[in-house]
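Hi,

Here is the structure I promised to pass on to you. Have a look at it first, and then read my notes underneath.

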Amino acid sequence: MINDTPPEMTEPGIDDDAEAVRREAGAGESSRASRGWWDRNADEYLLEHGAFLGDARFTWCPEGLDEAEARLLGDHAALRGARVLEIGAGAAQCSRWLADQGALPVALDLSHRMLQHARRIDEQSARTPVPLVEADATVLPFADASFDLACSAYGAVPFAADTARLMREVHRVLKPGARWVFSVTHPIRWAFPDEPGVEGLTATTSYFDRTPYVEQDESGAAVYVEHHRTLGDRVRELALAGFRLIDLVEPEWPEGLTSEWGGWSPLRGRRLPGTAVFVCVRD
Ligand SMILES: C[S@@+](CC[C@H](N)C(=O)[O-])C[C@H]1O[C@@H](n2cnc3c(N)ncnc32)[C@H](O)[C@@H]1O
C-alpha cells in the first residue's frame with residue numbers, strides 16, 4: 001500500500017538517448033524496464049495527459065471513449081458495492097470514477113511514482129483515498145475469487161512479456177461470472193510507424209512479427225518495452241485462461257476531437273483503429 005508524501009510535478013523524462021531496437025525481452029527485464037520508465041516519466045506523462053484523463057474520469061483510450069457512456073463494465077447499477085481491481089491504474093483516475101459510482105476499487109500499479117501521483121490527486125481533492133497496491137500485474141497479491149470486476153485502460157497488458165500469465169492471474173482473482181475489460185493499442189498499429197502524421201499511414205513492418213519493441217540504454221539494458229500480440233493470439237490467450245470474449249470494441253475517432261496523443265491523431269484515427277477494448281467474462 002502507498003502512503004507517501006505527494007510529489008511535486010518536476011521530474012523530466014530521461015530516456016532521450018535510448019536506442020530503439022526489436023529484440024527479445026523476458027518477463028524480468030520487461031518488468032524492470034516498465035517500472036523504471038514509468039517512475040521516471042510519470043510526471044511528464046501526467047503534465048501532458050492529465051487534463052485529458054481528468055482526476056475522476058474513466059476514459060478507455062486516446063479516442064476519448066468514456067465508460068459513463070460506453071458501459072463496457074456492464075450494468076452501472078451493479079457497480080455499487082462491487083469490489084473492482086484496476087490493473088496498471090496509473091494515477092487511479094478510473095478507480096476514482098468507480099468509487100463515485102459506489103464501487104470499492106483497488107488501484108494496482110507497478111510504478112511507485114504513478115501511485116504517488118494517485119495519492120497526490122486524492123489529497124488535493126480531499127477525497128477518500130483509493131486503496132493503492134504496488135505490484136506487478138503478472139503476480140497479483142490477492143486471494144482467489146476476491147473481485148467482482150477487473151479493468152484496465154492501457155495498463156500493464158501492452159508492457160508485460162507474459163500476458164498469458166497475466167490473464168491467468170486476473171482469472172484467478174475474479175469470481176465466476178465477473179467481467180474483465182481492458183483496452184490496449186489496436187494490434188494492427190504494430191505494423192505502422194508510431195507517428196501521428198502521414199508517415200504513420202504506411203505499413204513498414206510485419207503485423208505477424210511478435211519481436212518486442214525495446215528501447216535500450218548504452219549498456220544494452222532495456223529502459224522501455226512493448227509486447228505485441230495479434231488479435232488471434234489475444235483471443236486464444238483469453239480462452240486458455242478461462243475467459244469468454246463477449247465484445248471487441250474498436251472505438252472510432254470522434255468528430256471534433258482534434259488533440260493528438262503520441263501516434264494517435266485525427267488523421268490516422270479516421271483511417272485505422274487505434275484501440276481495441278476486450279470485454280470478457282470469467283467462466
Ligand atoms: C498508459 S498508463 C495507463 C494508466 C492510466 N489508465 C492512464 O491512462 O494514465 C500504463 C500504466 O501501466 C503500468 N504498468 C506497466 N506495466 C505494468 C505491470 N507489469 N504491472 C502493473 N502495472 C504496470 C505503468 O506503471 C503505468 O502506470
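Below is what I found, starting with the ligand and moving outwards.

Two points on conventions. Residues are numbered from 1 along each chain as its sequence is written. The model is a predicted one, in which local features need pLDDT of at least 70 and side-chain atom pairs count only at pLDDT 80 or more, while totals for chains, interfaces and linings use all residues.

The ligand: its shell consists of 19 residues, counting a residue when its C-beta atom, placed from the backbone, lies within 6 Å of the molecule. W38, G88, G90, S111 and A137 are the closest. Eleven of the shell residues are nonpolar, six are polar and two are charged (nonpolar means Ala, Val, Leu, Ile, Met, Phe, Trp, Tyr, Cys and Pro; charged means Asp, Glu, Lys and Arg; the others, Gly among them, are polar). Helix α1 (residues 27-53) gives the largest share, four residues; helices (H or I, at least four residues) and strands (E, at least two) are DSSP runs, numbered from the N terminus.

The same helix also packs on another one. The axes of α1 and helix α4 (residues 112-124) come within 7 Å and cross at roughly 40°, with axes being lines fitted to C-alpha atoms over the stretch in contact and angles running from 0 to 180 degrees between N-to-C directions. That crossing makes α1 oblique to α4 (under 35 degrees is roughly parallel, over 145 roughly antiparallel, 65 to 115 roughly perpendicular, and the rest oblique). On the α1 side W38, D39, A42 and L46 make the contact, and on the α4 side H112, R113, M114 and H117; two residues are in contact if their C-beta atoms, placed from the backbone, lie within 7 Å.

Now the loops. V198, between β6 (174-185) and β7 (213-216), is exposed because 9 other C-beta atoms lie within 10 Å. T230 sits between β8 (222-226) and α6 (231-241), and it is partly exposed because it has 15 C-beta neighbours inside 10 Å (20 or more is buried, 12 or fewer exposed, in between partly exposed, with C-beta atoms placed from the backbone). Which residues does T230 contact, leaving aside neighbours within four places in sequence? They are P187, Y207 and F208. P187 is 43 residues away from T230 along the chain, yet their C-alpha atoms are separated by 5.7 Å.

Enjoy exploring it!
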